[in-house]
Amino acid sequence: MADDVLAKIDEKVKNNKIMLYMKGTPDFPQCGFSAHTVEILKSYGVPFGSEDVLADPSVRDGIKKYSNWPTVPQVYIDGKFVGGCDILHELHERGELEPLLKAAFGK
Amino acid sequence: MITPEEIKTTLEKALPGSTVETRDLTGGGDHWQVIIVSPVFEGKGLLEQHRLVNEVLKAEIGDQRIHALALKTFTPAQWEKLGS
């Protein structure tokens with residue numbers, strides 16, 4: 001059963017150029033860190049997939065196992081785990097996020 | 001709860017040559033911002049750097065002495081560039 005969840009996560013991560021696992025939804029984030037992460041992604045005007053981990057406890061546990069990272073939100077770009085709110089914020093500030101996004105969307 | 005000295009000592013011992021600055025975000029001693037400048041981060045991405053620090057403080061995070069940890073990690077070269 002746990003494998004099912006991981007397979008489901010893997011599929012979403014691979015099928016979305018940007019995939020965000022968060023608490024709440026992009027329009028109604030349920031946590032400050034998730035809200036800030038959404039805000040950063042939205043500032044680039046790029047489309048991103050998202051899933052609300054609060055809606056499914058198995059995903060909430062599964063995503064932590066999948067990335068071996070203890071917290072949510074989690075951002076995946078081009079199938080690769082990039083980090084949570086702190087790391088995304090820092091990449092954004094250092095100007096390193098834009099090239100990552102450009103590479104993912106093939107410019 | 002943990003003291004800033006404990007955080008500093010633990011990190012500086014595990015990551016030789018590091019400079020560590022701590023900030024108690026709430027005054028409660030368990031929500032911390034930690035800035036680490038370390039040559040150990042050279043050649044590593046942010047994710048790897050944060051993983052490394054989380055690993056060093058695993059016990060303290062695990063037993064909730066540290067409840068929240070906001071990290072800022074830099075290589076010495078990156079840090080110098082920021083200051084100039």
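**Two sheets, two cores and a helix crossing**

In chain B of this predicted model, strands β1(B) and β2 (residues 31-37) run antiparallel and are joined by six bridges. They belong to an open three-stranded sheet, while chain A has an open sheet of four strands. The two chains also meet through a pair of helices, α4(A) and α2(B), whose axes come within 10 Å.

**The chain B sheet**

- Reading across the sheet, the strand order is β1-β2-β3, and the pairing is mixed.
- The edges are taken by β1 (19-24) and β3 (68-74) of chain B; each has a single partner strand, so one side of each has no neighbour in the sheet.
- On average, neighbouring strands here are turned by 15° against each other, ignoring direction.
- If you want to check the register of the β1(B) and β2(B) pair, look at B:T22, whose bridge partner in β2(B) is B:V34.
- Helix α1 (residues 4-14) of chain B lies across β1 and β2 of that chain, and runs at about 150° to β1(B).

**The chain A sheet**

- This one goes β2-β1-β3-β4, again with mixed pairing.
- β2 (49-52) and β4 (80-83) of chain A are its edge strands, each pairing on one side only.
- The average turn between neighbouring strands in this sheet is 25°, direction ignored.
- Strand β1 (residues 18-22) of chain A pairs with β2(A) in the parallel sense, over four bridges.
- A handy register marker is A:Y21, which has A:E51 as its bridge partner in β2(A).
- Helix α2 (residues 32-43) of chain A lies across β1 and β3 (74-77) of chain A, and its direction is about 160° from that of β1(A).

**Nonpolar cores**

- As a bit of background, nonpolar side chains in soluble globular proteins tend to be buried together.
- The largest nonpolar core here has 24 residues, and those with the most contacts inside it are A:L20, A:Y21, A:M22, A:V53, A:I63 and A:L88.
- Two or more residues each come from α1 (2-15), β1, α2, α3 (57-67), β3 and α4 (85-93) of chain A.
- The top contributor is β1(A), which gives five residues.
- A second, separate core has twelve residues, including B:I7, B:F41, B:L69 and B:F74.
- What does A:L88 touch once its neighbours within four places in sequence are left aside? Its contacts are A:T37, A:I40, A:V75, A:V82, A:G83 and A:L97.

**Helix α4(A) and its crossing with chain B**

- Two packed helices are described by the angle between their axes and the distance between the axes.
- The axes of α4(A) and helix α2 (residues 46-56) of chain B come within 10 Å and cross at roughly 140°.
- That angle is why α4(A) counts as oblique to α2(B).
- The crossing of α4(A) and α2(B) is right-handed.
- On the α4(A) side the contact is made by A:I87, A:E90 and A:L91, and on the α2(B) side by B:L46, B:L47 and B:H50.
- Which residues of α4(A) are buried? They are A:C85, A:D86, A:I87, A:L88 and A:L91.
- Those buried residues pack against α2, β3, β4 and α5 (97-104) of chain A, together with α2 and β3 of chain B.
- After α4(A) comes A:G95, with a positive phi near 75°.

Notes: Residues numbered from 1 in each chain as written. Chains lettered and ligands numbered in written order. Predicted model: local features only at pLDDT ≥ 70, side-chain atom pairs only at ≥ 80, totals over all residues. Pairing = 2+ DSSP bridges. Axes fitted to C-alpha atoms, helices over the stretch in contact; angles between N-to-C directions. Contact = placed C-beta atoms within 7 Å. Core = buried A, V, L, I, M, F, W, Y, C linked by C-beta atoms within 7 Å. Buried ≥ 20, exposed ≤ 12 C-beta atoms within 10 Å, placed from the backbone. Parallel < 35°, antiparallel > 145°, perpendicular 65-115°, else oblique. Left-handed = near helix turned anticlockwise from the far one by under 90°.
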